[in-house]
Amino acid sequence: MVLGDSRAVQRCFDEPFDLIVTSPPYANRMSYIRELRPYMYWLGYLQNGREAGELDWQAIGGTWGVATSRLGKWQRTADVGLPDQLLDAVGQIAESGGSNASVLAAYVEKYGEDVAQHLASVCRLLRPGARAHYIVGNSVFYGVLVAVEELYAELMRRAGFEKVEVRAIRKRNSKKELVEFCVSGTWPA
């Protein structure tokens, strides 16, 4: 078991990767920490609710506990070059008039920043010809589609991946527009 920040993968591993297969959190505000906290306490990874909130804030898209209140004050910390499509969705969510629109807009923007930081970090550990596969799902907030699969694809291209592909793999069992995708790419040889 390796405990580390997915936005700073190089701090956790010394050896390069040939293959990445992962399903990072979807941009749907579901907190994996919240859902898994009984097991996290039982296994000794968490001692109290504050630790759970801190761990959730560090997770891609984390929004539970203290993370939710922090989103109200959050500002992008780095110029990671988020795609216009994501920034357009952030603007539409913010202007939607929903009761939590500003928090949700900040959440989507932070999610994009977290993904960009993760990809920049992991690229430092890829062997030539390495393959990466991200299983992600899109989301809808106040009627605004957040095309997470396109976010990953564009950020992977910008990071230097080649042969980036987006493939729908499963219709989710909720809203009709929600789909899971495999976004994959090859690190240059």
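This briefing describes the overall build of the chain, one of its strands and a patch on its surface. The model is predicted, and its secondary structure comes to six helices and six strands. Read from the start of the sequence to its end, these elements follow the pattern β-α-α-α-α-α-β-β-β-α-β-β. The radius of gyration is 17 Å, close to the 16 Å that the globule rule gives for 189 residues, so the chain is as compact as a globular protein of that length.

**Overall build**

- The C-alpha trace spans about 50 × 40 × 35 Å along its principal axes, and buried residues make up 46% of the 189 residues in the chain.
- Of the contacts between residues at least 6 apart in sequence, 67% join residues that are at least 24 apart.
- The chain exposes about 9,900 Å², of which carbon and sulfur atoms supply 50%.

**Strand 6 and its partners**

- In strand 6 (residues 179-186), eight of the eight residues are buried, so this strand is largely enclosed by the rest of the structure.
- Both of its faces are covered, with Val179, Phe181, Val183 and Gly185 buried on one side and Glu180, Cys182, Ser184 and Thr186 buried on the other.
- Strand 2 (residues 126-137) pairs with strand 6 in the antiparallel sense over seven bridges, and strand 5 (residues 162-171) also pairs with strand 6 in the antiparallel sense over seven bridges.
- Ser184 in strand 6 stands opposite His133 and is also the bridge partner of Glu165.

**A nonpolar surface patch**

- Leu3, Met30, Tyr32, Leu36, Tyr39, Trp42, Leu43 and Tyr45 form a nonpolar patch on the surface, and together they have about 890 Å² of accessible area.
- One of these patch residues, Tyr39, has its place in helix 1 (residues 32-42).

How values were computed:
Residues are numbered from 1 along each chain as its sequence is written. This is a predicted model: local features need pLDDT of at least 70, side-chain atom pairs count only at pLDDT 80 or more; totals for chains, interfaces and linings use all residues. Side-chain values use heavy atoms; hydrogens and water are left out. Patches are made of residues with over 30% relative accessible area and no salt bridge: like charges are joined within 9 Å, nonpolar side chains (Val, Leu, Ile, Met, Phe, Trp, Tyr) within 5 Å. Accessible areas come from the Shrake-Rupley method with a 1.4 Å probe; for residues, only the protein chains shown count as cover. A salt bridge is a side-chain nitrogen of Lys or Arg within 4 Å of a carboxyl oxygen of Asp or Glu. Helices (H or I, at least four residues) and strands (E, at least two) are DSSP runs, numbered from the N terminus. The radius of gyration is taken over C-alpha atoms; the globule rule is 2.2 Å times the number of residues to the power 0.38. Buried means under 20% relative accessible area, exposed over 50%, partly exposed in between (1.4 Å probe, protein chains only). Contact means heavy atoms within 4.5 Å. Two strands pair if DSSP finds at least two bridges between them.
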